[in-house]
Amino acid sequence: MREGSCPFGLWHVHVAWEDDLVSRVRFLRYPAAGGAPEQFTRYLAGDPNGLAGLRSVATEGESVFARIYRAVQAVPYGETTTYGEVAGRVGTVPRVVGTAMRLNPTPLLVPCHRVVAKDGPGGFSPALELKQALLSLERGKRTY
DNA sequence: TAAAAACCGCGGG
DNA sequence: CCCGCGGTTTTTA
């Protein structure tokens, strides 16, 4: 298993992967020893198709969460959907979608930042600021 | 271990 | 404002 990071503003995007399969993505305040896959660098530089070719472990299987993650992955770059909308498509309730987003092992690859509340931004860990930065990045506005 | 309670990145009443 | 929804985590025994 390989691990590395690339910078994003005040943060560093840490990635754990093997070949094209990504098992973990995290936002930390310090860099890793090595670099992240170039796809992440491209995405964070504003390339809409930067992440193409990478898979996430989170989307495998038939669990409710896996189906939620697949539904979220289907949300196009630069667009948003709501917790309730995803819930309806998967056959569960909004609250569970929120839980799945909170526990998302591979943010960015499963673009949980594109899921917002019906009226409001919804949440994001470790910082809501990151969700806003990612959304404005996809709108073509570089915050960082 | 197993069962119960608490906890939520929500939404509708 | 309050309560149910359903899946996860924490607490309790």
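How many residues surround DNA strand B, and which are the closest? Select strand B in this predicted model. There are 16 residues around DNA strand B. The closest are R95, M101, R102, K118 and G123.

**Stop 1: contacts to strand B.** Show the side chain of R95. One of its N or O atoms is 2.5 Å from a base nitrogen of DNA strand B. Move to M101. Here a backbone N or O atom is 2.7 Å from a base oxygen of DNA strand B. Now pick G84. A backbone N or O atom of G84 lies 3.1 Å from a phosphate oxygen of DNA strand B. Colour helix 3 (83-90) and helix 4: these elements each give two or more residues to the surface near DNA strand B. Helix 4 has the largest share, six residues.

**Stop 2: the makeup of that surface.** Colour by residue class. The surface near DNA strand B has seven nonpolar, five polar and four charged residues. On the DNA side, take the atoms of strand B within 4 Å of the protein: 44% belong to sugar or phosphate, the rest to bases.

**Stop 3: strand C.** Select V64, F65, T92, V93, R95, V96, T99 and L103, which surround DNA strand C. Five are nonpolar, two polar and one charged. Helix 2 (64-73) and helix 4 (94-102) each supply at least two residues of this surface. Helix 4 gives the most, with three.

**Stop 4: back to R95.** An N or O atom in the R95 side chain is 3.2 Å from a base oxygen of DNA strand C. Finish on the DNA side. Of the strand C atoms within 4 Å of the protein, 79% belong to sugar or phosphate and the rest to bases.

Notes
Residues are numbered from 1 along each chain as its sequence is written. Chains are lettered from A and ligands numbered from 1 in the order in which they are written. This is a predicted model: local features need pLDDT of at least 70, side-chain atom pairs count only at pLDDT 80 or more; totals for chains, interfaces and linings use all residues. Side-chain values use heavy atoms; hydrogens and water are left out. A residue is near a molecule or strand if one of its heavy atoms lies within 4 Å of it. A polar contact is a pair of N or O atoms within 3.5 Å; within protein, one must be able to donate a hydrogen and the other to accept it, and residues adjacent in sequence count only if both atoms are side-chain atoms. Helices (H or I, at least four residues) and strands (E, at least two) are DSSP runs, numbered from the N terminus. Ala, Val, Leu, Ile, Met, Phe, Trp, Tyr, Cys and Pro count as nonpolar, Asp, Glu, Lys and Arg as charged, and the others, Gly among them, as polar.
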